[in-house]
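Dear colleague,

Here is the structure that I promised to pass on to you. Please have it open while you read my notes below.

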Amino acid sequence: MKKITIAIDGFSSCGKSTMAKDLAKEIGYIYIDSGAMYRAVTLYCIENNLFNPDGSVNSAELEKRIDNIRISFVLNKETSRPETCLDGVNVESRIRTMEVSSRVSLVAALGFVREALVRQQQEMGKAKGIVMDGRDIGTVVFPDAELKIFVTASAEIRAQRRYDELKAKGQEVSFDEILNNVQERDRIDQTREVSPLRKADDAIVLDNSNMTIAEQKEWLKNEFQRAANV
């Protein structure tokens with residue numbers, strides 16, 4: 001069975017990262033969470049006061065610094081899953097907050113940010129045998145990926161999943177706020193000028209609105225085996 005590149009794209013809160021992590025672990029591939037990289041840059045902006053009073057990004061200052069922002073992944077030995085590091089510090093829990101979620105699309109829409117992170121992602125994937133998820137993996141980062149999946153689900157279901165996830169972590173959140181955030185991120189992701197969210201022509205659509213995790217895993221594994229055996 002040959003080593004391939006697997007690109008998983010789709011809307012926010014579709015469970016892309018979880019399914020990509022699980023698939024990578026099961027088939028022995030490296031998992032790269034591209035969304036975590038954009039979240040890490042967003043956290044950097046928050047912690048370095050690079051958001052203007054009106055909520056916009058101080059893009060001129062961020063552009064000066066972007067090539068010196070170091071993002072890496074370290075394996076959590078207890079969970080066997082990679083966690084995100086920003087300039088050598090583990091920030092996995094901090095990048096998953098609503099504060100970061102509500103601002104990440106603004107940072108990800110900046111062309112120079114995407115260019116810098118795409119370069120890093122393409123370097124990570126040169127040897128194949130990887131699973132990467134995000135918004136533009138199959139269209140921009142790895143347009144020649146042997147397997148491309150585009151994940152979707154209704155906004156309400158995605159908001160409920162996010163709500164349940166944050167509540168389980170002890171965060172006080174509002175369902176309506178999360179739903180609005182999901183819908184706004186969809187709008188920004190699909191309409192931004194640089195690398196907008198769209199399905200690659202050769203991507204397979206997975207609508208997981210009414211699927212169990214077990215059903216998703218089975219579906220993904222079947223698609224992987226089909227692509228890797230061509």
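The expected span of a helix is 1.5 Å times one less than its number of residues, and helices here (H or I, at least four residues), like strands (E, at least two), are DSSP runs numbered from the N terminus. This is a predicted model, in which local features need pLDDT of at least 70, side-chain atom pairs count only at pLDDT 80 or more, and totals for chains, interfaces and linings use all residues. Residues are numbered from 1 along each chain as its sequence is written, and side-chain values use heavy atoms, with hydrogens and water left out.

Helix α6, which runs over residues 111-124 and has 14 residues, reaches 20 Å from its first C-alpha to its last, close to the 20 Å expected. Among its buried residues (under 20% relative accessible area, with a 1.4 Å probe and protein chains only) are Phe112, Val113, Leu117 and Gln121. The cover over the buried residues of α6 includes α2, α3 and β6, where contact means heavy atoms within 4.5 Å.

The chain also holds an open sheet of five strands in the order β2-β6-β1-β7-β8, with parallel pairing, and two strands pair if DSSP finds at least two bridges between them. The edge strands are β2 (30-33) and β8 (204-207), each of which pairs on one side only. Strand β1 (residues 5-10) pairs with β6 in the parallel sense over five bridges, and Ile8 stands opposite Asp133 in β6.

Overall, the chain has ten helices and eight strands, and 51% of its 230 residues count as buried.

With best wishes

Notes: Buried means under 20% relative accessible area, exposed over 50%, partly exposed in between (1.4 Å probe, protein chains only).
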